[in-house]
Amino acid sequence: MSCILHIETSTDVCSVALSQDGACIFKEIDNEGPNHAVKLGMFVDSAISFADSHAIPLDAVSVSGGPGSYTGLRIGVSMAKGICYARDLKLISVPTLELLCVPILLTHDEMEDNALLCPMIDARRMEVYSAIYSRSLKQVREVGADIIDEHSYQEYLDRGPVWFFGNGAEKCKEVINHPNAHFIPNIKPDAEWMMPLAEKRMACEQFEDTAYYVPFYLKDFVAKMPKKLV
(Lines give C-alpha, C1' and ligand atoms only; values in the text may rest on other atoms or scores of the structure.)
Protein backbone atom coordinates (compact mmCIF):
# COMPACT_ATOMS: atom_id res chain seq x y z
CA MET A 1 0.00 0.00 0.00
CA SER A 2 1.68 3.22 -1.10
CA CYS A 3 0.81 6.73 -2.21
CA ILE A 4 3.35 8.53 -4.41
CA LEU A 5 3.39 12.10 -5.71
CA HIS A 6 4.88 12.26 -9.24
CA ILE A 7 6.49 15.39 -10.72
CA GLU A 8 7.49 15.70 -14.40
CA THR A 9 9.17 18.89 -15.69
CA SER A 10 11.89 17.65 -18.05
CA THR A 11 10.52 19.32 -21.21
CA ASP A 12 8.00 22.09 -22.00
CA VAL A 13 5.25 19.94 -20.47
CA CYS A 14 4.55 20.36 -16.75
CA SER A 15 2.59 17.59 -15.05
CA VAL A 16 1.85 16.24 -11.60
CA ALA A 17 0.08 13.02 -10.65
CA LEU A 18 -0.85 11.19 -7.49
CA SER A 19 -0.97 7.41 -7.39
CA GLN A 20 -2.29 5.02 -4.77
CA ASP A 21 -1.29 1.39 -5.09
CA GLY A 22 -0.38 1.93 -8.74
CA ALA A 23 -3.64 3.65 -9.75
CA CYS A 24 -3.83 7.32 -10.72
CA ILE A 25 -6.13 9.19 -8.33
CA PHE A 26 -5.20 12.78 -9.28
CA LYS A 27 -3.56 14.50 -12.24
CA GLU A 28 -2.81 18.00 -13.53
CA ILE A 29 -0.98 18.77 -16.78
CA ASP A 30 -0.04 21.87 -18.78
CA ASN A 31 1.05 21.42 -22.41
CA GLU A 32 1.39 25.12 -23.20
CA GLY A 33 4.80 25.62 -21.52
CA PRO A 34 7.36 26.12 -20.48
CA ASN A 35 5.30 27.34 -17.51
CA HIS A 36 6.93 25.27 -14.78
CA ALA A 37 7.69 28.16 -12.45
CA VAL A 38 4.05 29.27 -12.61
CA LYS A 39 2.16 25.97 -12.81
CA LEU A 40 4.14 23.44 -10.76
CA GLY A 41 3.50 24.93 -7.34
CA MET A 42 -0.26 25.13 -7.99
CA PHE A 43 -0.38 21.57 -9.31
CA VAL A 44 1.57 20.19 -6.35
CA ASP A 45 -0.55 22.12 -3.85
CA SER A 46 -3.73 20.73 -5.43
CA ALA A 47 -2.37 17.17 -5.37
CA ILE A 48 -1.30 17.35 -1.73
CA SER A 49 -4.61 18.97 -0.75
CA PHE A 50 -6.43 16.12 -2.49
CA ALA A 51 -4.42 13.52 -0.56
CA ASP A 52 -4.88 15.32 2.75
CA SER A 53 -8.62 15.83 2.25
CA HIS A 54 -9.03 12.09 1.61
CA ALA A 55 -6.80 11.17 4.58
CA ILE A 56 -4.28 9.49 2.27
CA PRO A 57 -0.74 9.72 3.70
CA LEU A 58 2.05 10.30 1.21
CA ASP A 59 4.88 7.75 1.21
CA ALA A 60 7.25 9.16 -1.43
CA VAL A 61 7.82 11.73 -4.15
CA SER A 62 9.02 10.64 -7.57
CA VAL A 63 10.63 13.12 -9.94
CA SER A 64 11.63 12.84 -13.58
CA GLY A 65 15.43 12.69 -13.46
CA GLY A 66 16.43 13.67 -16.97
CA PRO A 67 17.98 14.09 -19.37
CA GLY A 68 15.98 17.21 -20.07
CA SER A 69 15.80 20.96 -19.78
CA TYR A 70 18.20 22.35 -17.17
CA THR A 71 15.64 24.86 -15.91
CA GLY A 72 12.75 22.42 -15.95
CA LEU A 73 14.65 19.70 -14.12
CA ARG A 74 15.99 22.16 -11.56
CA ILE A 75 12.48 23.41 -10.77
CA GLY A 76 11.04 19.91 -10.54
CA VAL A 77 13.82 18.49 -8.38
CA SER A 78 13.83 21.51 -6.07
CA MET A 79 10.09 21.10 -5.52
CA ALA A 80 10.44 17.34 -4.93
CA LYS A 81 13.24 17.84 -2.41
CA GLY A 82 11.30 20.51 -0.55
CA ILE A 83 8.30 18.22 -0.14
CA CYS A 84 10.49 15.31 0.96
CA TYR A 85 12.17 17.45 3.62
CA ALA A 86 8.92 19.01 4.83
CA ARG A 87 7.05 15.72 5.13
CA ASP A 88 9.92 13.32 5.77
CA LEU A 89 9.25 11.36 2.56
CA LYS A 90 11.40 9.15 0.36
CA LEU A 91 12.72 10.53 -2.96
CA ILE A 92 12.51 8.41 -6.12
CA SER A 93 14.16 9.31 -9.43
CA VAL A 94 12.62 8.09 -12.70
CA PRO A 95 14.81 8.35 -15.85
CA THR A 96 13.00 10.51 -18.38
CA LEU A 97 13.87 8.36 -21.41
CA GLU A 98 12.65 5.22 -19.65
CA LEU A 99 9.47 7.09 -18.72
CA LEU A 100 8.82 7.89 -22.40
CA CYS A 101 8.74 4.15 -23.16
CA VAL A 102 5.81 3.42 -20.84
CA PRO A 103 2.94 4.70 -23.04
CA ILE A 104 4.45 2.92 -26.05
CA LEU A 105 4.51 -0.43 -24.26
CA LEU A 106 0.98 0.03 -22.95
CA THR A 107 -0.71 1.19 -26.16
CA HIS A 108 1.11 -0.36 -29.13
CA ASP A 109 0.11 -4.02 -29.22
CA GLU A 110 1.32 -4.38 -32.81
CA MET A 111 4.95 -4.00 -31.77
CA GLU A 112 7.18 -6.92 -32.69
CA ASP A 113 8.57 -9.14 -29.91
CA ASN A 114 12.15 -8.29 -30.87
CA ALA A 115 11.50 -4.56 -31.24
CA LEU A 116 13.81 -2.01 -29.65
CA LEU A 117 12.63 1.31 -28.24
CA CYS A 118 14.54 4.54 -28.86
CA PRO A 119 13.12 7.51 -26.94
CA MET A 120 14.59 10.85 -28.04
CA ILE A 121 14.76 14.25 -26.38
CA ASP A 122 15.37 17.17 -28.71
CA ALA A 123 18.58 19.18 -28.45
CA ARG A 124 19.73 21.73 -31.01
CA ARG A 125 20.18 21.36 -34.76
CA MET A 126 20.33 17.63 -35.56
CA GLU A 127 21.26 16.56 -32.04
CA VAL A 128 19.17 14.37 -29.75
CA TYR A 129 19.66 12.67 -26.42
CA SER A 130 18.58 9.06 -26.50
CA ALA A 131 18.93 5.55 -25.15
CA ILE A 132 17.81 2.18 -26.46
CA TYR A 133 15.65 -0.28 -24.52
CA SER A 134 14.20 -3.71 -25.08
CA ARG A 135 10.47 -4.31 -24.63
CA SER A 136 11.20 -5.42 -21.06
CA LEU A 137 12.84 -2.00 -20.49
CA LYS A 138 16.29 -3.52 -20.24
CA GLN A 139 18.77 -0.85 -21.32
CA VAL A 140 20.46 -2.01 -24.53
CA ARG A 141 22.41 1.23 -25.00
CA GLU A 142 22.98 3.80 -22.29
CA VAL A 143 21.96 7.44 -22.57
CA GLY A 144 24.03 9.35 -25.09
CA ALA A 145 24.19 12.54 -27.12
CA ASP A 146 23.73 11.74 -30.82
CA ILE A 147 24.21 13.84 -33.94
CA ILE A 148 21.73 12.34 -36.38
CA ASP A 149 22.66 11.34 -39.93
CA GLU A 150 21.65 8.58 -42.32
CA HIS A 151 23.85 6.06 -40.48
CA SER A 152 22.53 6.71 -36.98
CA TYR A 153 21.46 3.55 -35.09
CA GLN A 154 22.46 1.44 -38.10
CA GLU A 155 23.70 -1.49 -36.02
CA TYR A 156 20.37 -1.75 -34.20
CA LEU A 157 18.22 -1.20 -37.30
CA ASP A 158 20.06 -3.97 -39.14
CA ARG A 159 19.10 -6.40 -36.36
CA GLY A 160 15.37 -5.68 -36.37
CA PRO A 161 12.64 -3.07 -35.84
CA VAL A 162 13.41 0.08 -33.85
CA TRP A 163 10.64 2.41 -32.70
CA PHE A 164 11.59 6.10 -32.37
CA PHE A 165 9.52 8.59 -30.36
CA GLY A 166 9.75 11.65 -28.14
CA ASN A 167 10.15 15.32 -29.06
CA GLY A 168 13.48 14.62 -30.79
CA ALA A 169 12.16 11.94 -33.15
CA GLU A 170 10.24 14.13 -35.59
CA LYS A 171 13.31 15.85 -37.04
CA CYS A 172 14.99 12.46 -37.51
CA LYS A 173 12.18 11.03 -39.61
CA GLU A 174 13.48 12.41 -42.91
CA VAL A 175 17.08 11.43 -42.18
CA ILE A 176 16.84 7.87 -40.88
CA ASN A 177 15.61 5.97 -43.91
CA HIS A 178 15.58 2.29 -43.04
CA PRO A 179 12.81 -0.30 -43.47
CA ASN A 180 13.10 -1.22 -39.78
CA ALA A 181 12.68 2.36 -38.55
CA HIS A 182 9.25 3.24 -37.12
CA PHE A 183 8.30 6.70 -35.83
CA ILE A 184 5.52 7.39 -33.33
CA PRO A 185 4.38 11.04 -33.05
CA ASN A 186 3.15 13.06 -30.07
CA ILE A 187 4.79 11.12 -27.24
CA LYS A 188 5.54 13.50 -24.37
CA PRO A 189 6.71 12.96 -20.80
CA ASP A 190 3.72 12.73 -18.46
CA ALA A 191 3.69 12.29 -14.67
CA GLU A 192 0.98 9.65 -15.02
CA TRP A 193 3.37 7.37 -16.91
CA MET A 194 5.88 7.57 -14.06
CA MET A 195 3.67 5.44 -11.84
CA PRO A 196 4.76 1.88 -12.76
CA LEU A 197 8.44 2.83 -12.74
CA ALA A 198 8.16 4.63 -9.40
CA GLU A 199 6.14 1.79 -7.86
CA LYS A 200 8.84 -0.68 -8.89
CA ARG A 201 11.55 1.44 -7.31
CA MET A 202 9.40 1.85 -4.20
CA ALA A 203 9.03 -1.92 -3.87
CA CYS A 204 12.78 -2.38 -4.30
CA GLU A 205 13.50 0.46 -1.86
CA GLN A 206 15.50 2.21 -4.58
CA PHE A 207 15.55 5.69 -3.10
CA GLU A 208 17.76 8.73 -3.65
CA ASP A 209 19.72 10.69 -1.08
CA THR A 210 17.57 13.81 -0.88
CA ALA A 211 20.44 16.05 0.17
CA TYR A 212 22.83 15.09 -2.63
CA TYR A 213 20.58 14.05 -5.51
CA VAL A 214 20.99 15.93 -8.82
CA PRO A 215 19.19 15.13 -12.09
CA PHE A 216 20.77 14.21 -15.43
CA TYR A 217 21.18 17.64 -17.04
CA LEU A 218 21.62 17.98 -20.79
CA LYS A 219 24.50 20.35 -20.13
CA ASP A 220 26.42 17.36 -18.74
CA PHE A 221 26.43 15.92 -22.27
CA VAL A 222 27.52 19.17 -23.88
CA ALA A 223 30.50 19.45 -21.53
CA LYS A 224 31.72 16.05 -22.71
CA MET A 225 31.21 16.59 -26.44
CA PRO A 226 34.12 17.50 -28.77
CA LYS A 227 34.46 21.27 -29.07
CA LYS A 228 33.85 21.22 -32.82
CA LEU A 229 30.37 19.81 -32.16
CA VAL A 230 29.39 22.30 -29.47
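Leaving aside neighbours within four places in sequence, which residues is Ile92 in contact with? Here are some notes on that and on the rest of the model.

1. First, the ground rules. This is a predicted model, in which local features need pLDDT of at least 70, side-chain atom pairs count only at pLDDT 80 or more, and totals for chains, interfaces and linings use all residues. Residues are numbered from 1 along each chain as its sequence is written, and side-chain values use heavy atoms, with hydrogens and water left out.

2. Now to the opening question. Ile92 is in contact (heavy atoms within 4.5 Å) with Ile4, Ala60, Val61, Ser62, Val63, Ala198, Arg201, Met202, Gln206, Phe207 and Glu208, not counting neighbours within four places in sequence.

3. Ile92 also belongs to the largest nonpolar core, which has 28 residues. A nonpolar core here is a set of buried Ala, Val, Leu, Ile, Met, Phe, Trp, Tyr and Cys residues joined through side-chain atoms within 4.5 Å. Buried means under 20% relative accessible area, exposed over 50%, and partly exposed in between (1.4 Å probe, protein chains only). With Ile92, the residues with the most contacts inside this core are Val94, Leu97, Ile104, Leu117, Tyr133 and Phe165. At least two core residues come from each of β5 (90–94), α3 (96–107), β6 (116–122), β7 (127–133), β9 (162–165) and α5 (195–203). The largest share, six residues, is supplied by α3. Another core of 24 residues lies apart from it, with Cys14, Ala80, Ile83 and Leu89 among its members.

4. On the overall fold, the protein chain has six helices and 10 strands. These are DSSP runs numbered from the N terminus: helices are H or I with at least four residues, strands E with at least two. The radius of gyration, taken over C-alpha atoms with a globule rule of 2.2 Å times the number of residues to the power 0.38, is 18 Å, which agrees with the value near 17 Å for a compact globule of 230 residues. Of those 230 residues, 51% count as buried. Among contacts with a separation of 6 or more, 65% are between residues 24 or more positions apart.

5. Helix α5 deserves a look. Its buried residues are Met195, Leu197, Ala198, Glu199, Arg201 and Met202. The elements covering them include β1 (3–8), β2 (14–20), β3 (23–30), β4 (60–64), β5 and α3. Just after α5, Glu205 has a positive phi of about 55 degrees.

6. Please check the cis peptide bond between Gly66 and Pro67, where omega is about 5 degrees. Pro67 sits in the loop between β4 and α2 (70–87). Its C-alpha is 4.8 Å from that of Phe216, although the two are 149 residues apart along the chain. Phe216 lies in the loop between α5 and α6 (218–224) and is partly exposed, at 32% relative accessible area.

7. Two other loop residues have positive phi without being glycine. Tyr153, between β8 (139–147) and α4 (154–157), has phi near 65 degrees and counts as buried because its relative accessibility is 8%. Asn186, between β10 (181–184) and α5, has phi near 60 degrees, but counts as exposed at 71%.

8. Finally, Ile56 is in the loop between α1 (36–53) and β4. At 11% relative accessibility, Ile56 counts as buried. Beyond residues up to four places away in sequence, Ile56 touches Cys3, Gln20, Ile25 and Ala51.
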